[in-house]
Amino acid sequence: MSAAGETFDLDQMIIRNAEAAAAHVKAARTAISSVIFGQEAVVDRALITILAGGHALLVGVPGLAKTKLVETMGTVLGLDARRVQFTPDLMPSDILGAEVLEESAGGRRAFRFIKGPIFAQLLMADEINRASPRTQSALLQAMQEYHVTVAGERHDLPKPFHVLATQNPLEQEGTYPLPEAQLDRFLMEIDVDYPDRDAERRILFETTSAEEQKARAAMSVDDLIAAQRLVRRLPVGESVVEAILTLVRSARPGAEGPEQRYIAWGPGPRASQALMLAVRARALLDGRYAPSLDDVVALAEPVLKHRMALTFAARAEGESIAHIIRRLTERLG
């Protein structure tokens with residue numbers, strides 16, 4: 001078979017796989033939306049994060065269904081989901097697990113590793129900024145390398161493995177801000193806002209009736225892994241690649257443009273990788289087989305804003321990271 005024929009067959013296979021994956025993802029989105037109301041953008045971004053194989057930080061005040069969203073996603077996507085409530089007295093061993101000394105019936109003693117809640121496919125780290133930096137750092141290796149080291153021994157995490165962490169932006173007393181190195185491990189920072197009036201009306205009726213809507217599985221783990229593999233195979237046009245490079249590089253100090261004087265430090269190459277995967281996942285979520293410039297613009301803020309910091313002068317002038325990113329995306333043309 002000629003090279004052209006092999007390329008045609010590969011393209012046809014990708015299209016067939018994309019159609020099947022898109023159908024599964026659409027069913028998952030519908031199933032989640034039947035339980036979580038008025039948060040369409042949040043649901044989409046959380047699904048994009050999972051499809052891209054990443055982790056997300058959900059930021060919002062209490063009572064906006066952040067915890068319910070994670071529980072629902074675990075059920076709908078067929079994942080083994082666990083929840084850890086982060087508190088100031090939480091220890092790394094409470095998350096990772098620990099070795100215990102056991103004595104057999106014959107009197108022989110040996111250490112046995114008891115796995116912690118991190119050994120799940122979907123881990124909800126609730127109010128992650130309430131734990132000490134020592135405990136927060138227990139997630140660093142897991143989020144990047146997908147294994148943990150306890151007492152010098154490596155323990156692999158299940159596949160897939162995703163962390164969806166929540167954070168309350170209002171109550172900061174007694175909290176520990178996440179270090180930049182850990183923030184960079186999150187593919188997206190997703191803002192969870194108040195629902196609109198119609199959505200809140202629906203919440204009133206749906207959640208206070210005798211028959212509350214329950215989440216149902218719409219995908220299996222194998223379906224999800226297949227979709228994640230497909231995301232990495234979707235073709236990306238040169239114009240989209242250039243837009244990603246231009247945007248990320250323009251968000252760093254020292255680049256050309258009027259916004260750079262406001263930027264103290266900016267995103268590294270991991271941001272480019274995250275945006276590349278996220279735009280592919282967004283295309284698949286919408287049933288498309290290749291991302292567009294609109295995907296880059298739509299996902300620029302959640303991918304970049306936790307990877308940037310403003311100068312003191314910028315804060316004094318009332319600038320915000322979201323506003324800076326918006327101006328940078330407008331320059332993409």
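## Notebook: pockets, cavity and cores

I began with the lining of the second largest pocket, which by class holds nine nonpolar, four polar and five charged residues. I keep in mind throughout that this is a predicted model.

The volume of this second largest pocket comes to about 440 Å³. I then looked up which of its 18 lining residues are closest to its centre, and found Gln-167, Leu-183, Glu-189, Lys-305 and His-306. Four elements give two or more residues to this lining, namely β1 (56-59), α7 (180-183), β9 (188-191) and α14 (321-330).

Next I turned to the largest pocket, where about 750 Å³ of space lies. It is lined by 29 residues, and those closest to its centre are Ala-52, Gly-53, Gly-54, Tyr-146 and Arg-232. Helices α6 (138-145), α9 (221-233) and α11 are the elements that give two or more residues to the lining. Which element gives the largest share of this lining? I noted α9, with five residues. Sorted by class, the lining of the largest pocket has 14 nonpolar, seven polar and eight charged residues.

I also looked for enclosed space, and the count came to one cavity of 30 Å³ or more. The largest cavity has a volume of about 40 Å³, and the residues that line it are Val-35, Phe-37, Lys-68, Glu-206, Thr-207, Glu-212 and Gln-213. I sorted this lining too, and it divides into two nonpolar, two polar and three charged residues.

After the empty space I went to the packed parts of the model. The largest nonpolar core has 71 residues, and within it Leu-69, Met-73 and Leu-275 have the most contacts. Helix α11, which spans residues 269-285, gives the most to this core, contributing nine residues. What does Met-73 touch, if residues up to four places away in sequence are not counted? I listed Ile-32, Ala-46, Leu-47, Ile-50, Leu-122 and Leu-164 as its partners. There is also a second, separate core of 27 residues, and Leu-57, Ile-128, Ala-165 and Leu-178 are among them.

Last, I checked the record: UniProt, in an unreviewed entry, lists residues 260-326 as "domain: ChlI/MoxR AAA lid". In the model this span is 60% helix and 7% strand, and the C-alpha atoms at its ends lie 13 Å apart. Helix α11, at residues 269-285, falls within the listed range of 260-326, and I note once more that α11 also gives two or more residues to the lining of the largest pocket.

Technical notes. Residues numbered from 1 in each chain as written. Predicted model: local features only at pLDDT ≥ 70, side-chain atom pairs only at ≥ 80, totals over all residues. Heavy atoms only, no water. Core = buried A, V, L, I, M, F, W, Y, C linked by side-chain atoms within 4.5 Å. Buried < 20%, exposed > 50% of the residue type's maximum accessible area, 1.4 Å probe, protein only. Contact = heavy atoms within 4.5 Å. 1 Å grid on protein atoms, 1.4 Å probe; cavity = no way out; pocket = protein on both sides within 12 Å on 5 of 7 lines; lining within 4 Å. Points joined across faces, edges and corners; volume = space filled by probe spheres on them. Nonpolar A, V, L, I, M, F, W, Y, C, P; charged D, E, K, R; others polar. UniProt positions renumbered as here; feature names shortened; annotations may be inferred.
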